[in-house]
Structure formats: structure tokens, C-alpha cells
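Dear colleague,

I am passing on a structure for you to look at. Please open it first; my notes come after it.

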Amino acid sequence: MAEFKLPKVYDFKLVEEKWQKTWEEKGLYRFRREDRTRPTFSIDTPPPYPSGDLHVGNALNFSYIDFVARYKRMRDYNVFFPQGWDCHGLPTEVRVERAIGKRRSEVDPLEFLRLCKEYTLKWIGDMRAALKRLGLSIDWTTEYMTMNPDYWRRTQLSFVEMYKKGLIYRGEHPVIWCPRCETAIAEAEVEYVEKSRPLYYIKFKVAETGEDVVIATTRPELLASCVAVAVNPTDERYRSLQGKHAVVPIYERKVPIIFDEDVDKTFGTGAVMICTYGDKTDVKWQKKHNLPLIISITDNGRMNGNTGPLQGLPIEEARKKIAEILREKGLLVKTENIQSTVGTCWRCHTPVEILPKKQWFVKSTALNEKVLEEAKRINWVPPYMYKRLENWVLNLDWDWVISRQRLFATPIPVYYCKDCGAELVVPPEKLPHDPRFDSPPFEKCPKCGSKNIVPERDVMDTWMDSSITAAVHAGWPDNFDERLFPADLQPNGYDIIRTWDYYLLLRGIALFGKPQFKTALINGMVRGTDGRMMHKSYGNYVAVTEVLEKYGADSFRLWVAMAASTGQDVRFSWEGVDYAHRFLVKIWNAARLASSFIEEVPPPSMEELSHVDHWILRELSETIRQVTSSLENYQFQEASQRLVDFAWHKLCDHYLEIIKYRLSQGDRVAKYVLRLVLLRTIQMLSVFAPHVSEEIYQEVLKGSENWESITTSPWPEQVEYDAEKAKTGEIVVAIIAEGRRAKHDAKIPLSKEISKLTIYTTMHLEELRKATGDIAGTLRAQKVEVTSSGRGDRAVPEYPEITISLQP
Ligand SMILES: [Zn+2]
Ligand SMILES: [Zn+2]
């Protein structure tokens, strides 16, 4: 007997490290730019935020991408799997502040930026290592960072081009403002939370008659900003107020009483105040009725000089203070608690305000119809994810505000002429450019000749960086490779459909007149073991590195594939990872056993194959067909479950057991079939579990096909078999299984010979008489008789018409 070619214990650490290193050294997964023969397949990999910690959700997202990349490579695509890092933004600034124990305002801006870069590089290092340990087939030569000057140049150029097209403008509009972060934020960055809060009933006087009118509001601290009172025109209670005015208490200002059908008669008293700005409705009414603006809140969330006694107080305190004052003056009728939705900052969870601000905007509302038109043509996997995008787009009220009052971000490449007000956009050839620190590229204003030029100090929303990734991956603007654009695949979680997918569509249409991707592959979220969202503060957080340490990448990846259908949420399960691991151990052991028998032999003729051989080839062929079709449709759960079921329960549990006696006799046909089936199985498995598959191929199965790696071998095609014989083979497998159970029940060791096995059947008499070889061999029966007369002791469960009896 030949030697085993695999160690007894499957040491995943050794195997995974070895192949990750080898693949990288060989440059196996590099995109071959010069190769014009094969079709390309390009992936717009989401550039993660470098937080330093790879979340299980990220790992799931990346596993999905890698399944596709590996499958497509085996289908002979020239696969482009790039990798970038979305460095900028508030989260980084906040983390750096925490790391250095100082606020941004306490550090010199250039020094703070240097620290942001330094920490970002460190965090990228940690995450890069984690991604590599996951066995992702990324082309690391493509790696980029959005904080690097070359990426700045691209983001800034995209800004300049959209500005020239009139799709970016500067203007004063209401924006959502985070008073804690002191910056404008986009609608996509607002998180809505349900809160119980008091509703205050406040007495106003009608100026003309002196009678009281009571309004209800949750924001009494904005009384100083009140510019009108509104009621519904169909509200009988207020009919007499037509054309009259109200006096704002405390501030004693006269404001019009407006009749507007959008006022909810059932809210409070049916009379409300309009102020600058309590909510989005205020913005609408202010525009519609052409009301003045009175701002009460400063950029850092305190009450300003317009608010009299409230001046200097933080918003929450001002609310309590004004309620007190109103109560003292007898102007507060009552308060009651109501449930209402409060918009908060996605980063710091502070309630956001709406303030009129001079900011930069993308003209997104004008493009949204086109965005939806194009989005409908995209292949959404699963299809219902399109609805999420549509709902989001249809609910967008305002243009996308892209300027941020922060530091660590791509600068807006603009100057202003202080004399004529001209906006001076930095010319493309001078990019990248940082107006905050570089010297201006203009000597004087081209419009009026003034030398009085000032820089824009605001920076861009980080989504301006990451919403051009597909184009950047394709080489835009320098060496645009049209094969890579639009990207074939856009893989991301459903939580960022409203940001990443939406902004990519918007920017693709604005800059290139088309979407930046063809298929959107949407994954669900990974929940904690308790089913809640995974969060460190819930105590249900699982670190990817912990899973990789205990089980390795292959087990984790296979669990990811099997855990849920594409787009569904996944609950993290140690049992699930353990199940995947046990399967890989099973395959390892099967390959190890096989390694002592199999060698490459010339293919036998179809006639030489036994019935059971035909059966396993049929099962293999069917598995190849189904796995292929599932992978074509991005259905990883279907594909992996089918493959595991075949490999574990058909190949290992049945076929391998049945042919052991033939292998030990040196049967050339059995050797051939086993090698073929194992090879094809491992090829498919390499999509999910590449390391163990490679080890088995290189150590056990490598033959005259001489593939450099199993992970780049040609995807298996269906195999030939005889359908009739396969059918009989299936019966033989069932009979053998029952025969083994019979031996077990009779306490006869499987290895011990029995004198006779009798099979009773009328329906399968003829074919079974030709198929007794494997039955006799496997059950070690000296004689097998197939007869139509009589009945055995035990029925074969899958074929109850067939019964068997066994003679020791
Ligand atoms: Zn904030
Ligand atoms: Zn000028």
C-alpha cells in the first residue's frame, strides 16, 4: 500500500498560511491588463473604512465577492478584484481624538491631519492582514487610499467636471446640521429614532382681537424663530382667524396666521407655529408662504442673541428654561408626552438641526428620475433590493449637500474673489490642490482683476470620494480601460443601498452618462448570536480574528456561504462554523484515505464502470450542473449546500465505503472514478474553501493536467455516465446501506465475511442480477442471490419492494 500523502490531522493554520503566501508570491490573482483574449470581469470592491477592526459583516461581504471572483476566474474570465480604503471622514477624526486624548480644536490643523493619516495607515495595516487571512483573491497591486494625493486629484477632478456641467453649485439653503460635529450632513447620514418627548401647549394672543390661540409644539425654545402660526382651512375652530395675526409670547412679535391644508387638525390643538426651522415641514412652509428667516441656534448648538433670556444655553436646557418662563407667566397651558421621530447624527447620535447655510450641493433632485430609470435596468440580486433604492430616492427632498466643515477630507478646489464674488475653480492640470494650505493657482481674479482672493476652507463629504470607485478602478481619467466600466459587479450590504449604490448611480450618470455597475449583489447583515444587530455594547460581538483563530478562513467562508440565502440577514453561529469545519475534516480524511490508493490511470471505457460508478458520476454531474447554475445566479447557499450534501453524504458516506474493497484490490476503474470525482469536487469547493482544496490538489490529486493552482483550473463540465446503469447503481447503494445496517444489528463486524446475502425483488430482478459485484464486495458476502420468490427479513427503506436476508 502506498503512503498517505496528507498528515492525519488537518492543520488549517499551516495550510492557510502556506497557500496565502504562495498565491501572493506567484501573483496568481493579478488582473492581466495586457491580456486581450479573455473576457474581463470587473468588481467594484467596496473600500472599507479603516477602523482597524474587520467586522464579521465586512467579512461576509468580502467572502461573497471572493466566491464570485474565484468562480469567474475558473470560468476563464480575466477577473479584476481591486482593493481600496475609504480613509476620510468624521469617524476617523473622532477615533483619532480618542486615541490622542485631545479634541481636534486643541491641535494644530496640519498636525491633526498628519495624525489622521498616521493612524489610518496603522488601522489599514490591521485590516489588510485580516483580509489576507480570509484568503481573498484580491489583486493587491491595485491597492489605493482615498487620502492619497492621486486619489484627491480624481475626486477633485470629478468635482470640477460636475461644476462645469452645472451639476454642482454653491448656494444658501436649509441643510441638516449636526451641532456636536459642527458640520452639515446629508439626508443619508441622518438616523431616525423614536422618542417620547413633551408636547407643549402655549398661549399666543390674536393681535386684532386679543383672544387666545393655543399652539402645540415640541420645540418651545424656537419661539424666537417663530415666523407664523398655521391652521387648517377646514378647521371650524379657527375660521374666525382668517386674515388675522398672532403675537409670539415673550418676544412680542406679530406674525401672520396662515391657512394651509397640510396642517394636521388632530395634532395638538390643530394650530402650530412655523419657525426657522423646527423640521422639514417648516422649510416647505417657509418657501411656500415666503416667510422671513429668524435663526435661533448657533453652529455649536447654543441659543443665539435672538433668543433673549435663552442666549448661550444649549438647546435642551433652553427648552426647559423657556417652559419655566412660560409657566411663570401663565402662558403654558399644559404639557403631555408624545412619541415622535427625531433625526440624529449617524456618527454621534446628537439630534440634528435644520439651518440655512451657504454650502456646496450636487443637483441631485434634478437627476433622480434618471437615476431610477437606469437603476431599473440594473440586475439587483435579490431583485426586491431595487425597491429599497426606489423608496429612498422618491423620499429625497433636497439636493445632496457635499461640503463639510471638517478637516480630514478631500478639499474643495475652489477660491473666491472677495471683490466680485466670482467662484474660481482650480483648473484640472493644477490638481490635486489644497486651498487651505497650498498657495493659490491664481494671481488675480480673471473676471475683475482683483488680487483679493480667498480660499474655500470646507472639504467634501467622503461619499464624493467613494462614489467614483468604479471609474477609478477602470483607470479614469488617465488610462481608462473600457472593458472594466461599468463594473460587472457592485457588491454591498443593504444598509448602504441609499448611500453607496445611490451615489454611484447619481455620479455615474452625472459624469459618464451611465451607471457605474451592471449587477448589484446585495448581502444581509450578520447579527449577533442572540439575533440582535452585532454590537460591542450588546455583548454579542464576535471578532473575525477570533473565528479565524479557532476555525480558520475556509470554515468561516463555507459557513458564510451556507448560513443564509443572498440578501438575508445571518445570525452568527459557532455551531454553524463548527459544522463547516467538520465537513472540511471529513473531506480531508477522505482525500487522505484516497491518497494511499489513487494514481492517475488511463480512462476506462464506459462498459468497464460498475453500476455504482455510473451512479456517483450521475450524482457528480447533477451537482456540477446545479452548483454552476446557482453560482451564475449568485445563490451561494444553494451552491454550497448542494456541494456539501454531495461530497459528504454521497461521496464520503456511500461511494468511498462501497469501493474500498476494489481500491484495496488495486482496481484501476475505481481508482480512476474516485480520482475524477474527488478532483471535480475539490475544484468546486475551491470557490468556498480555497486553501484546503489547494492542499488536497497539490498533495494528492495533481496529475497530468498540471494546473498551477486548483483555484485557477477550468471550471468542471458535466461528466458522462449511463443513465440506466446509474439508476440501478442507486438501488445497489440503498441495498448495501441496508445490508450494513443488518450486519451491524446482527453484531457482525463489517470486515467479517458472511456466507450469503439474498435479495428478494420482482421489479428489479434483471438489472440487480447484473449488479451483484459491488454488493458482494462491500458486504463481504461469499454469495449474493437475487430472486423473485419469497421475502427477506428487512425491507430497503428507499425501495420497500426490495427485501434482503443475510446468512452469517
Ligand atoms: Zn454628529
Ligand atoms: Zn473678481
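The notes below cover the domains, the helix packing, some backbone details and two database annotations.

Please keep in mind that this is a predicted model.

Domains

The domain assignment gives two entries: domain 1 covers 184-353 and domain 2 covers 743-807. Taken over C-alpha atoms, the centres of domain 1 and domain 2 are 87 Å apart.

Helix packing

Two packed helices are described by the angle between their axes and the distance between the axes. I have three pairs to report in those terms.

The pair α3 (residues 90-100) and α4 (residues 109-133) packs at about 95°, and the axes are 10 Å apart. Angles of 65 to 115 degrees count as roughly perpendicular, so α3 and α4 are roughly perpendicular to each other. On the α3 side the contacts come from T92, E93, R95, V96, A99 and I100, and these meet L115, C116, Y119 and T120 of α4.

The angle between α13 and α14 is also about 95°, with 7 Å between the axes. These two helices are therefore roughly perpendicular as well. The residues of α13 in this contact are V547, Y551, D554, S555, F556, L558, W559, M562 and A563. Their partners in α14 are G576, V577, A580, H581, F583 and L584.

Helix α14 has a further partner in α16 (residues 636-664): the axes come within 11 Å and cross at roughly 40°. That angle makes α14 oblique to α16. The crossing of the two is left-handed. From α14, the residues F583, K586, I587, A590 and L593 take part, and from α16 they are V644, A647, W648, L651, C652 and L656. F583 is thus listed in the contact with α16 and in the contact with α13.

A covered helix

Helix α18 is mostly covered, with 10 of its 12 residues buried. The buried residues are P690, H691, V692, S693, E694, E695, I696, Y697, V700 and L701. What lies over them includes α1 (12-26), α2 (56-74), α13 (544-563), α14 (574-595) and α17 (668-685). Helices α13 and α14, described above as a packed pair, are therefore among the elements that cover α18.

Backbone details

Which residues are joined by cis peptide bonds? One such bond joins T276 and Y277, with omega about -25°. Y277 sits in the loop between β12 (271-275) and α6 (280-288). Another joins V381 and P382, with omega about -10°. P382 belongs to the loop between β15 (379-381) and α9 (385-394).

Two residues other than glycine have a positive phi. For E252 the value is about 50°. E252 is in the loop between β10 (245-248) and β11 (253-259), and it counts as exposed because it has 8 C-beta neighbours inside 10 Å. For N706, phi is near 50°. N706 is in the loop between α18 (690-701) and α19 (723-745); with 6 C-beta neighbours inside 10 Å, N706 counts as exposed too.

A residue with a contact across the sequence

R498 is part of helix α12 (residues 497-512). Is R498 exposed or partly exposed? R498 has 19 C-beta neighbours inside 10 Å and so counts as partly exposed, since a residue is buried at 20 or more. Leaving aside residues up to four places away in sequence, R498 touches A188 and W392. The C-alpha atoms of R498 and E390 are separated by 9.1 Å, although the two residues are 108 apart along the chain.

Database annotations

Both annotations here come from an unreviewed UniProt entry. UniProt lists residues 48-58 as "short sequence motif: 'HIGH' region". In the model this stretch is 27% helix and 0% strand, and its end C-alpha atoms are 8 Å apart.

UniProt also places the feature "binding site" at K536. In the model K536 is in the loop between β24 (526-527) and α13. K536 counts as exposed because it has 9 C-beta neighbours inside 10 Å.

Regards

Terms used:
Residues are numbered from 1 along each chain as its sequence is written. Chains are lettered from A and ligands numbered from 1 in the order in which they are written. This is a predicted model: local features need pLDDT of at least 70, side-chain atom pairs count only at pLDDT 80 or more; totals for chains, interfaces and linings use all residues. Helices (H or I, at least four residues) and strands (E, at least two) are DSSP runs, numbered from the N terminus. Domain bounds come from an automatic or database domain assignment. UniProt positions are given in the numbering used here, feature names are shortened, and annotations may be inferred rather than shown by experiment. Two residues are in contact if their C-beta atoms, placed from the backbone, lie within 7 Å. Axes are lines fitted to C-alpha atoms, for helices over the stretch in contact, and angles run from 0 to 180 degrees between N-to-C directions. Angles under 35 degrees count as roughly parallel, over 145 as roughly antiparallel, 65 to 115 as roughly perpendicular and the rest as oblique. A crossing is left-handed if the near helix is turned anticlockwise from the far one by less than a right angle, and right-handed if clockwise.
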